[in-house]
Amino acid sequence: MQWTSPSGQTVALREGDITRVAADAIVNAANSALAGGGGVDGAIHRAGGPEIMRELDRIRSEIGQCPAGGAVATGAGNLPAKYVFHAVGPVYRDGRHGEPELLASCYRTCLELAESRGVETISFPAISTGVYGYPLDRAAAIALREVMRYFAPPDRRVRTAIFVLFGRRAYDAFAAALKELAPGRV
Ligand code: ADP
């Protein structure tokens with residue numbers, strides 16, 4: 001399923017493994033320590049190779065932790081991309097501790113990193129919806145709204161955002177949210 005903005009930028013939904021989808025930049029769902037973990041982070045480091053963690057070690061020695069809502073950029077090692085943006089999603093408690101704003105900030109920060117690097121195609125996983133426990137339907141609405149909002153001005157260098165959803169349940173949640181945000185246009 002996909003949605004195209006009036007000026008031709010595209011938001012596409014795909015079911016699959018993000019390490020297998022070519023893009024200029026692949027977004028990772030990282031943790032504040034940038035220390036590696038399971039889920040999509042584990043898959044990205046396995047497929048990308050050790051150079052990505054070496055770069056993160058350097059970044060960590062410069063900035064310490066990356067707060068929730070932020071993201072840092074590295075190269076992509078063996079992945080089919082130029083960059084990996086390691087975004088730190090919020091841990092979900094009850095939705096009343098700033099989680100929606102922090103989750104939106106992850107997507108916006110990655111889009112800004114992309115814009116400043118001349119990235120045309122960026123792929124996202126469903127940040128925070130695994131171990132961090134964000135309910136899929138709410139996370140989907142926030143993620144899609146933020147990217148669609150980013151595409152409102154016609155002069156963005158980023159042209160395509162691909163959400164690579166791991167499993168049918170995640171895909172269906174994003175498809176339902178996209179239909180609701182853009183009724184009759186997907
Ligand atoms: P978080 O800690 O931000 O919740 P997780 O990695 O636990 O991060 O989960 C985030 C989302 O990534 C979940 O929806 C999970 O199903 C999904 N995921 C796990 N592996 C992959 C993969 N290889 N490609 C895309 N998405 C993945």
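Q: Which helix gives the largest share of the shell around the ligand?
A: This is a predicted model. In it, 15 residues surround the ligand. Three of these shell residues come from one helix, residues 39-48, and that is the largest share. The element is helix 1.

Q: How many residues of the shell around the ligand are charged?
A: The shell has nine nonpolar residues. Five more are polar. The charged class holds one.

Q: Which residue has a side-chain N or O atom 2.9 Å from a nitrogen atom of the ligand?
A: A polar contact needs a pair of N or O atoms within 3.5 Å. At 2.9 Å, this pair meets that cut-off. The side chain belongs to D17.

Q: What is the distance from an oxygen atom of the ligand to a polar backbone atom of Y132?
A: Backbone atoms also face ligand oxygen. V40 places a polar backbone atom 2.9 Å from an oxygen atom of the ligand. For Y132, the distance from a polar backbone atom to a ligand oxygen is 3.0 Å.

Q: How much of the ligand's accessible area does the protein cover?
A: On its own, the ligand has 570 Å² of accessible area. The ligand sits in the largest pocket. The protein covers 89% of that 570 Å².

Q: What is the radius of gyration of the chain?
A: The chain has five helices and seven strands. For 186 residues the globule rule gives 16 Å, and the chain comes close to this, so it is as compact as a globular protein of that length. Its radius of gyration is 15 Å.

Terms used:
Residues numbered from 1 in each chain as written. Predicted model: local features only at pLDDT ≥ 70, side-chain atom pairs only at ≥ 80, totals over all residues. Heavy atoms only, no water. Near = heavy atom within 4 Å. Polar contact = N/O pair within 3.5 Å; in protein donor to acceptor, adjacent residues only side chain to side chain. Areas by Shrake-Rupley, 256 points an atom, 1.4 Å probe, with all protein chains shown as cover. 1 Å grid on protein atoms, 1.4 Å probe; cavity = no way out; pocket = protein on both sides within 12 Å on 5 of 7 lines; lining within 4 Å. Sits in = over half its atoms within 2 Å of the grid points. Helix = DSSP H or I, 4+ residues; strand = E, 2+ residues; numbered from the N terminus. Nonpolar A, V, L, I, M, F, W, Y, C, P; charged D, E, K, R; others polar. Rg over C-alpha atoms; globule rule 2.2 N^0.38 Å.
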